[in-house]
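Biologist: I've got this one open on my screen. Can you walk me through how the chain is put together?

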Amino acid sequence: RKLPWGIDGQEHYIGDGDFTMGRRGQRWMHVSIHASFLRVEVMVLHAPDSWKCGSEHVAFWSEVTSAYNEIALCHGPGKRLCMVLGDFNVELGDVASRGVGGFQPPRQVSPHMDMAMGFIDKAGLTLPSTYEQWQIGERYTHAGKLTGERRIDFVAVPSEWADIVVSAKVL
């Protein structure tokens, strides 16, 4: 069943032909969505597990930052609207920054948290689920049935959207 992504007197849909696979790495990919009234670049990423060695994290966040800058054209007049969907493999919210609020701080601090936060801040992104005024309910997007292990996945939106964010919640 198709649901409209927007309504302004008429319904707007995203069709199969509106997606274009862009660049990709081993742990990330880029998809362009170009539909009627919607042009957005989406970067999907899966960071290394928090227990992996630091050099793997440094290489990952360096590659992701470079790719994001090219995809979003962050430093030019033709800046594109770009969102990031990610399993960051760190809990964020303990140390607030420009793009990360302090809602439901992590139970444990990851040694690689600063790399994820650096990417978010340099890219000019905001994680709505880390702000109390936007997040409804817990931020956890997965709780393992057998272990009770919790995972947080994030949707990062351009910081310019802060004025239009209505809410964030786990569906």
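Biologist: Take contacts in the protein chain between residues at least 6 apart in sequence: what share join residues at least 24 apart?
Modeller: Bear in mind that this is a predicted model. Count the contacts between residues at least 6 apart, then keep those that join residues at least 24 apart. That share comes to 57%.

Biologist: How do the directions of helix 1 and helix 2 compare, roughly parallel or roughly antiparallel?
Modeller: The axes of helix 1 (residues 54-72) and helix 2 (residues 113-122) come within 10 Å and cross at roughly 5°. Angles under 35 degrees count as roughly parallel. So helix 1 and helix 2 are roughly parallel.

Biologist: Which residues of helix 2 make the contact?
Modeller: On the helix 1 side you'll find Gly54, His57, Val58, Trp61, Val64, Thr65 and Tyr68. By class, this contact of helix 1 with helix 2 has seven nonpolar, three polar and no charged residues. The helix 2 partners are Met115, Ala116 and Phe119.

Biologist: Which strands stand at the edges of the open sheet of six strands?
Modeller: The order in that sheet is 3-4-5-6-11-7, with mixed pairing. A strand at the edge has a single partner strand, so one side of it is left without a neighbour in the sheet. That points to strand 3 (19-24) and strand 7 (125-126).

Biologist: And what angle does the direction of helix 1 make with that of strand 5?
Modeller: Helix 1 packs on the sheet, touching strand 3, strand 4, strand 5, strand 6 (82-87) and strand 7. Strand 5 (residues 38-46) runs antiparallel to strand 4 (residues 28-35), joined by eight bridges. With strand 5, the direction of helix 1 makes about 175°.

Note on methods
Residues numbered from 1 in each chain as written. Predicted model: local features only at pLDDT ≥ 70, side-chain atom pairs only at ≥ 80, totals over all residues. Heavy atoms only, no water. Contact = heavy atoms within 4.5 Å. Axes fitted to C-alpha atoms, helices over the stretch in contact; angles between N-to-C directions. Helix = DSSP H or I, 4+ residues; strand = E, 2+ residues; numbered from the N terminus. Parallel < 35°, antiparallel > 145°, perpendicular 65-115°, else oblique. Nonpolar A, V, L, I, M, F, W, Y, C, P; charged D, E, K, R; others polar. Pairing = 2+ DSSP bridges.
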